[in-house]
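Reader: I'm new to looking at protein models, and I'd like to zoom in on one part instead of trying to take in everything. Could you pick a helix and walk me through what it's up against?

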Amino acid sequence: MAVVGSVNLDLVARLPRLPAAGETLTATAFDRVPGGKGANQALAARRLGAQVRLVAAVGDDALADEALALLRTDGVDTSAVTRHAGTATGLAMIEVDDTGETTIVVVPAANSKLRVEPGQVAGADAVLTVLEVPDEAVSAAAAGAGGFFAVNAAPARPIPPDALARADLVVVNRAEYAMVPGLAGARLVAVTLGAEGAVLLRGGQELCRARPPAVRAVDGTAAGDAFTAALVLGLAGGPSAPDALGSACAAGALTASRAGAQPSLPTAAEVAELVRR
């Protein structure tokens, strides 16, 4: 599997509740955690058992190694991650409240400089990309994909027409579904619904839906990334759509029950155990 996407270092503050506009609150804890939707989804797929190559960009600063640390530890192929001189590594500033709700502000930095050659993803059985990178990178990922091709349309904006036409799957949350044009014509669209689970649409019509197992929400930061990686692997690997969607919901739920983005991503065995309960 190849993932074309972003790499960030997440600066995470925990608070009893999220602040209102103009309000200042005191955090109860602070952490620095590797993140970025591309990196999160690459690591999620790796922990679920896939061989994964990440195509991404980082800066030439000290944050780059920190942001890539867990990917390297878990065996994600980072040979296609390029360093850009004079550029900072991407950052995300994240607030998490006691119910697991989050607000996130992303500083793209090096992610905005990502350039992709179609050959970097050629031969992968599945290619997954996100919208935290330039449209040109998304289009190149689509052009190079020879197998299953998926787009996680986050943050919400129009998907390049060539990538949308090529996509076997588009993943969005409920708000993004209303904001991204052209999804009614997509082959498959997965819409995540938070605690209500997710629904899979084919040609705008419901194909199936699934609810996540009950968990105590701690931090929802990377839950959507775990869901997306699990669903892509499930649909590309041949299980039925309802089974793939159910497993993806379980992966997202497990992630939301733990703190941090990448540290919270589950293994295949953990997802299978939760599904069996």
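Author: Here's a walk around helix 1 and its meeting with helix 6, with a bit of background to start. Keep in mind that this is a predicted model.

First, the setting. The protein has eight helices and 13 strands. Its radius of gyration is 17 Å, close to the 19 Å that the globule rule gives for 277 residues, so the protein is as compact as a globular protein of that length. If you follow the C-alpha trace along its principal axes, it spans about 45 × 45 × 35 Å. Buried residues make up 52% of the 277. And if you take the contacts with a separation of 6 or more, 57% of them join residues 24 or more positions apart.

Now for helix 1, which covers residues 37-47. This helix is mostly covered, with 10 of its 11 residues buried. Some of the names on that list are Ala, such as Ala 39, Ala 42, Ala 44 and Ala 45, but Lys 37 and Arg 47 are among the buried ones too. Just after the helix comes Gly 49, and its phi is positive, near 110°.

So what does helix 1 meet in helix 6? From helix 1, the residues involved are Lys 37, Asn 40, Gln 41, Ala 44 and Ala 45. Look at how those numbers are spaced, and here's a handy bit of background: an α-helix has 3.6 residues a turn, so residues three or four places apart point the same way. On the other side, helix 6 brings Asp 225, Ala 226, Thr 228, Ala 229 and Leu 233. Sort the residues of this contact by type and you get five nonpolar, three polar and two charged.

How do the two helices sit against each other? Helix 6 is residues 223-237, and its axis comes within 8 Å of the axis of helix 1, crossing at roughly 50°. Angles from 35 up to 65 degrees count as oblique, so that's the word for this pair. The crossing is also right-handed.

One last stop, again involving helix 6's stretch of the chain: Thr 192 in strand 11, which is residues 188-192. Leaving out residues up to four places away in sequence, Thr 192 touches Phe 227, along with Val 172, Asn 173, Arg 174, Gly 197 and Ala 198. Is Thr 192 buried or exposed? Its relative accessibility is 19%, and buried means under 20%, so Thr 192 counts as buried.

Technical notes:
Residues are numbered from 1 along each chain as its sequence is written. This is a predicted model: local features need pLDDT of at least 70, side-chain atom pairs count only at pLDDT 80 or more; totals for chains, interfaces and linings use all residues. Side-chain values use heavy atoms; hydrogens and water are left out. Axes are lines fitted to C-alpha atoms, for helices over the stretch in contact, and angles run from 0 to 180 degrees between N-to-C directions. Helices (H or I, at least four residues) and strands (E, at least two) are DSSP runs, numbered from the N terminus. Angles under 35 degrees count as roughly parallel, over 145 as roughly antiparallel, 65 to 115 as roughly perpendicular and the rest as oblique. A crossing is left-handed if the near helix is turned anticlockwise from the far one by less than a right angle, and right-handed if clockwise. Contact means heavy atoms within 4.5 Å. Ala, Val, Leu, Ile, Met, Phe, Trp, Tyr, Cys and Pro count as nonpolar, Asp, Glu, Lys and Arg as charged, and the others, Gly among them, as polar. The radius of gyration is taken over C-alpha atoms; the globule rule is 2.2 Å times the number of residues to the power 0.38. Buried means under 20% relative accessible area, exposed over 50%, partly exposed in between (1.4 Å probe, protein chains only).
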